[in-house]
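Please open the structure in your viewer and keep the selection panel at hand. The tour below proceeds stop by stop, stating at each one what to select and what is to be found there.

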Amino acid sequence: RVVVQVAPAVRVALGEEFGLEPGTSVTGKMASALHDLGFDDVFDTNFTADLTIIEEGTEFLNRVSDFLSGKNVSLPMITSCSPGWIKYIEHNYPDQLDNLSTCKSPHMMLGALAKSYYAKKIGVRPEDIYVVSIMPCTAKKFEVTREELVNDELPNVDAVLTTRELASM
């Protein structure tokens with residue numbers, strides 16, 4: 001079963017590739033085209049963007065609570081959904097790694113949910129689900145190769161296409 005998720009920016013950038021006015025929403029056309037391309041299910045990464053905010057907020061409140069209890073915690077907590085920015089911190093400011101949020105980015109969260117909750121809900125084995133993300137950022141292609149972004153030895157997301165790659169398809 002092949003599922004696709006689409007980043008919010010894609011629905012308003014994709015139309016430009018077909019001569020539409022910049023910012024024109026093509027959500028319905030895009031979803032239809034994705035089904036025509038053979039994707040079984042189309043998801044919106046906005047859903048897990050909301051989950052990311054909830055998880056990051058919970059992590060922050062736990063850190064503050066621990067700090068107020070006298071525990072040694074890393075503050076301030078820094079968060080970003082940009083794998084390029086995370087890689088920059090890893091390479092240039094490794095002393096700040098403990099300050100990074102431990103939450104996955106929204107598209108990685110959705111991939112994990114697709115291969116766990118959704119797989120169970122529709123009665124499909126997680127290893128039989130292939131998740132493709134349509135993202136505006138080429139750094140997301142690197143992010144899906146990170147060894148730590150797996151659940152039960154399955155990658156959260158299997159492939160990433162950019163907005164332009166989708167338009168070419």
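Select Gly 70 first: this residue, placed just after H3, takes a positive phi of about 90°. The model in which it appears is a predicted one.

**The helix before the glycine**

Now select residues 46-68, which form helix H3. This helix has 23 residues, and the distance from its first C-alpha to its last is 33 Å, close to the 33 Å expected at 1.5 Å a residue. Which residues of H3 are buried? They are Thr 48, Thr 52, Glu 56, Glu 59 and Arg 63. An α-helix has 3.6 residues a turn, so residues three or four places apart point the same way.

To see part of what covers the buried residues of H3, add helix H5 (106-122) to the selection. H3 and H5 pack at an angle of about 105°, and their axes are 8 Å apart. The two helices H3 and H5 are therefore roughly perpendicular to each other. On the H3 side, the contact is made by Phe 47, Thr 48, Ala 49, Leu 51, Thr 52 and Glu 55; on the H5 side, Pro 106, Met 109, Leu 110 and Leu 113 take part. Thr 48 and Thr 52 thus deserve a second look, as they are listed among the buried residues of H3 and also in the contact with H5.

**From H5 to the sheet**

Keep H5 displayed and add strands E1, E2, E3 and E6, since H5 lies across these strands. H5 runs at about 150° to E1.

Hide the helix and consider the strands alone. In what order do the strands of the open sheet stand? The order is E2-E1-E3-E6, a sheet of 4 strands with parallel pairing. E2 and strand E6 (159-162) stand at the edges with a single partner strand each, so one side of each is left without a neighbour in the sheet. From one strand to the next, the twist averages 25°.

The pairings may be visited one at a time:

- Select E2 (residues 41-44) together with E1: 4 bridges join these parallel strands. Val 3 stands opposite Asp 41 in E2.
- Select E1 together with E3 (residues 130-135): they pair in the parallel sense over 5 bridges. Here Val 4 stands opposite Val 132 in E3.
- Select E3 together with E6: 4 bridges join them, and they run parallel. The bridge partner of Ser 133 is Val 160 in E6.

Before leaving the sheet, colour E1 (residues 2-6) by accessibility. Is this strand mostly covered or mostly uncovered? It is mostly covered, with 4 of its 5 residues buried.

**The loop after H3, and helix H4**

Return to the loop between H3 and H4 and select Pro 76, which is found there. A cis peptide bond joins Leu 75 and Pro 76, with omega at about 0°.

Continue to helix H4 (residues 83-92), where Pro 83, Ile 86 and Ile 89 are the buried residues. Why do these residues lie on the same side of H4? They cover an arc of only 120° around the axis, which puts them on that same side. Add helix H6 (139-143) to the view, for it is included in what covers the buried residues of H4.

**The loop between E4 and E5**

Next, select Asp 152, in the loop between strand E4 (150-151) and strand E5 (154-155). Its phi is near 50°, a positive value in a residue other than glycine. Asp 152 is exposed, with a relative accessible area of 75%.

Glu 153 has its place in the loop between E4 and E5 as well. The phi of Glu 153 is near 65°, again a positive value in a residue other than glycine. Glu 153 is exposed, its relative accessible area being 77%.

**The whole protein**

Finally, select everything. The protein has 7 helices and 6 strands, and along the sequence they follow the pattern β-α-α-β-α-α-α-β-α-β-β-β-α. Taken along the principal axes, the C-alpha atoms fill a box of roughly 55 × 40 × 25 Å. Of the 169 residues in the protein, 34% are buried. Among contacts between residues at least 6 apart in sequence, 71% join residues at least 24 apart.

Technical notes. Residues numbered from 1 in each chain as written. Predicted model: local features only at pLDDT ≥ 70, side-chain atom pairs only at ≥ 80, totals over all residues. Heavy atoms only, no water. Expected span 1.5 Å × (residues − 1). Buried < 20%, exposed > 50% of the residue type's maximum accessible area, 1.4 Å probe, protein only. Contact = heavy atoms within 4.5 Å. Arc of directions from axis to C-beta. Pairing = 2+ DSSP bridges. Axes fitted to C-alpha atoms, helices over the stretch in contact; angles between N-to-C directions. Parallel < 35°, antiparallel > 145°, perpendicular 65-115°, else oblique.
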